[in-house]
Amino acid sequence: MTKALPYSLRNIALMGQTGSGKTTLTQYLLHYNRRIHSKNLSDARNVVADNFDKTKHPKPSLETIFQQFPHLDACINLLDTPGYPDLFGRAMSVLPAVESVALVINPQMGIEASTRKAFQQIREQNKCCLIIINQCDTPKIKIAELITEITEEIGEQCLPINMLSDDASSVIDCYFSPETNELLSYKTVDYWHEKIIERVVETNDKLLQRYLEQDDNFGPQQLHDAFEKALRTRHIIPICFTSAETGLGIDLLLDIFYSIMPKPHEGTLPVLTNDHEALSLILQPESDTALPVLGQIFKVSIDPFIGQLSAVRLYQGRIETGQQLMVNDDHTPFRISHLYTIQGDKVSEISEAGPGDICAIPKESRLQYGCLIHDNLETFSQYHPSSLHFPPPMVSLAIAPQRHNDESKLSTILHRLAAEDPSLVIEHRERQNETVLHGLGSLHLNTILDKMANTYHLVVDTHIPSIPYRETITQNSTGHCRHKKQNGGSGQFGEVWLRIEPMPRGRGFEFASEVVGGTIPSQFIPAVEKGVREVMEQGAIAGYPLQDIRVIVYDGKHHSVDSKEIAFLTAGKKALLDAISQGMPVILEPYMDVIIRIPQWSMGDITGHLVSLRAIVTDTRSDDNNVLAIHASAPLASMAEYSNQLKAMTSGEGTYEMAFSHYEKVPSVIQKQLVSHFNEQTS
Ligand SMILES: Nc1nc2c(ncn2[C@@H]2O[C@H](COP(=O)(O)OP(=O)(O)OP(=O)(O)O)[C@@H](O)[C@H]2O)c(=O)[nH]1
Ligand SMILES: [Mg+2]
C-alpha cells in the first residue's frame, strides 16, 4: 500500500449520542467513496443507496472502529466511536489520535447529555470541532429551534456552513460557492455566508481590516489559513446537514472534510508534561519526517489468538518495520516486527508510517494505553501525555469464576480487559476475597462479562459487592477466661484477664501487656496476642473484623507442666470475646463522600431521594454550565443501585462519583439484621 503524505491526511473522530448515525454515516462514506473511485460521481449516490446494507449495524457500537478511505488526493481516517453513555470512556480515550471531532446529532433528540459530555472532551483535549446534523431525511425537523439550541448550549461560534433546503430535499452550500436561488429552511444563504466570513476574519487583524473596508474578495482560498486558526481555537464550529440513509449532504460533508478540517500539521497536538520540572512541552505540528520519532498508543486490543495489537498515532518522524524504538523512559528498546493499518476488523501490513498516521504495532506487551513511543531517550523519556480525566466509575459488580480452578484464568483475562479499556477499574478486595469490576454503567460491565464468556469462554458468577462492615466496642470492659483441658496424659492450662478500651475511629488495633510477676510467663504473651488478633480478624458479633480497640492483658495464671501456647491462645481469644460482649459492641458501616452532578431542574427529586438513602447533603454549588454539584455523605450500603436511580431521575444527565470517607455506627435495626443473619449462617 502506498503511504499517504502527511499533508493529505485527515484524522477525524465521530462522537455523539447513541443512535445519531455515526456508524451508518461511516459505512455510507466508505461505500460512497468506493463507488466514486470506480464509477463517475453522478452515479455514486444511487449505487450506494442500492448496495448499502442498513441492517448490518442496528446495534450500538461497543468499541471505536477505525475506517479509512481515499477522497481526491487525501486519505481520511474516521474513528467511529460508541455513543452509548456507558461507553463514553472508550470513546474519549481515542481522541489523542485525531485533530478533529465531528459531533453527530440526531435532530429529533437535539442536544443530549452525551453531546454535552463529548463537547467537554473536545474542549479539554483541544480538538477542532464540526457538528453534523444527521438523519435529515426524517420528517418535521425544526431547524430554527435546533440551531438556537445548539448555539445556546455550545455557543455562538456554531454556524451552518450549509443548510437544509426549504422542502428538505437537498442540502445547500452556504460557504464554498454560495450562489443559489433555492430557499433555505432557516434564514438565507447570504445570511449564513456573511456570518461565517465575519467570524473567520475576526481571527486575523489584517483580514478584519479589509473586511471592514468592504473589500469583498473573500473566497475560501483567501480564508483558508484564517478558517483553520478559527477552527483550532474553536472560534468557529461549522454545522452541516446529512442523511446517512439517503446520502443527502454527503458530497458537501466530504468537501468539508477535505477543504476545511485540519491536516495533521495544522491541528493542535496533545500537551506533554514533565513531572519533575512541571514543564509543558507543546509539540509543534510538523510534517517533517526527519524529526525524532514520537507517537502515542491510544488503543490496545488483545485477541486470544493473535495477541496484543497497539494502535499508535504518530505525531512526528517516520517509522518502519525492523526499527527499534523506546517506550516511555524504558531504556530497553523494542523492535517493530510488523506494522499495520486498521480497516474495520481487518489489518493490512504496511512497511512504514509518517507524521499524522494512525497505524498498529503487534505483540509488544509494553505498548499500553497512553504510552509514548520514540527514538530519543534524552528528550522524550522525561515526558508523558497529560492524563485524561476519565469519568468516575458508577457501577460495581463482584465476580467469581463458576469453576474454582479458573481463578488464575480470570486474573489473566481481567488483566487483558483492563489493558483494552482504560475506563474499566478492577479491584481485588483482599479481606473479602472479592474481585470487583467498576464501570461507567451496567452496559459497560455487561460488555466485559460478554467478552469473558464469548471470547475467553469463562463464565463468572456475579453479585453486588459485599459491604465492608466492621465491628467495634463503645465502652471499656474486662474479660476473663480460664482454659483448662485434660487429654489423658498432658493437659492444657492458661488463664487470661484482659481489659479493652475503645479508640478513636480509624486507629485500628493496639495490644499491650501489663502482666507483672510472671503470672503469664513472657514466652506465652505472644500466644495471647495471637488469639486476640484472630478474634479481631474474625469478628465477635456478626463476623466482621473488629477495629479501633486497645487490648491490655493485665493478669493470668499458668501451670508449670500444662501451660503451653495453644492454651494461652485459646484463653486470649475467649477472654476477648468475653470482654467484647460487655463492651457494648456495635457494627460500623463505610460512609462515602459523594459528589452528584445534575441539571438544576432535578434538584428537588435528587435531594429528597438522598434523604431516603440516609445521606446528608453537606454542600450545593452550581457551575457556569447550569450544572449543580451536590456534595453529600452517604452510607455505601445505600448506594448500590444509585447509578440507575440517578439516571431515571435526571433523564440520564446526572453523574456521580464517590470516595471512602469514614466509618459510622449502623442504625440498630440494621445491626439486628446483620447479627441474626450471621447467627443463622453459623448455627
Ligand atoms: N432515517 C435515518 N436513519 C438513520 C440515519 N442514520 C442512521 N440511521 C438509523 O439510526 C439507527 C442508529 O444508527 P447507528 O449508525 O448505529 O448509530 P450510532 O450513532 O453509530 O450509534 P452508537 O453506535 O450507539 O453510538 C440505525 O437503525 C440506522 O439505520 C439517517 O440519516 N436517517
Ligand atoms: Mg455506532
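1. Starting at the ligand: a backbone N or O atom of Ser61 sits 2.7 Å from an oxygen atom of ligand 1. That falls under polar contacts, meaning N or O pairs within 3.5 Å; within protein, one atom must be able to donate a hydrogen and the other to accept it, and residues adjacent in sequence count only if both atoms are side-chain atoms. Asn134 brings a polar side-chain atom to 3.2 Å from a nitrogen atom of ligand 1, and a backbone N or O atom of Glu245 is 3.4 Å from an oxygen atom of ligand 1. In total 20 residues surround ligand 1, the closest being Thr18, Thr24, Ser61, Gly83 and Asp137; a residue is counted here if one of its heavy atoms lies within 4 Å.

2. Before going on, some ground rules. This is a predicted model, where local features need pLDDT of at least 70 and side-chain atom pairs count only at pLDDT 80 or more, while totals for chains, interfaces and linings use all residues. Residues are numbered from 1 along each chain as its sequence is written, chains are lettered from A and ligands numbered from 1 in the order in which they are written, and side-chain values use heavy atoms, with hydrogens and water left out.

3. Ser61 turns up again at the magnesium ion (ligand 2), whose protein donors are Thr23 (OG1) and Ser61 (OG), 2.0 Å from it. Thr23 belongs to helix H1 (residues 22-38) and Ser61 to the loop between helix H2 (41-51) and strand E2 (65-71), so the pair ties together parts 38 residues apart in sequence. Donors are N, O and S atoms within 2.8 Å of the metal (3.2 Å for Na, K and Ca), and water is not among the atoms, so sites may look incomplete. Thr23 and Ser61 are both buried, i.e. under 20% relative accessible area (exposed is over 50%, partly exposed in between; 1.4 Å probe, protein chains only).

4. Have a look at Arg90, in helix H3 (residues 88-92). Its relative accessible area is 7%, so Arg90 counts as buried. The side chains of Arg90 and Asp421 make a polar contact of 2.9 Å. Beyond four places in sequence, Arg90 also has contacts (heavy atoms within 4.5 Å) with residues including Leu62, Glu63, His444 and Ile448.

5. On the overall layout, the protein chain is divided into domain 1 (6-259), domain 2 (271-385), domain 3 (395-463), domain 4 (471-583) and domain 5 (589-670), with bounds from an automatic or database domain assignment. The centres of domain 2 and domain 3, over C-alpha atoms, are 29 Å apart, and 6 residues of domain 2 contact 6 residues of domain 3. The C-alpha trace spans about 110 × 60 × 50 Å along its principal axes.

6. The largest nonpolar core has 90 residues, with Ile131, Phe241 and Phe257 having the most contacts inside it. Domain 1 and domain 2 both give residues to this core, so it lies between them. A core here is a set of buried Ala, Val, Leu, Ile, Met, Phe, Trp, Tyr and Cys residues joined through side-chain atoms within 4.5 Å.

7. Last stop, Ile520, in the loop between strand E30 (509-513) and helix H13 (525-538); helices (H or I, at least four residues) and strands (E, at least two) are DSSP runs, numbered from the N terminus. Ile520 is buried at 2% relative accessibility. The C-alpha atoms of Ile520 and Asp555 are separated by 6.9 Å, with their positions 35 residues apart along the chain.
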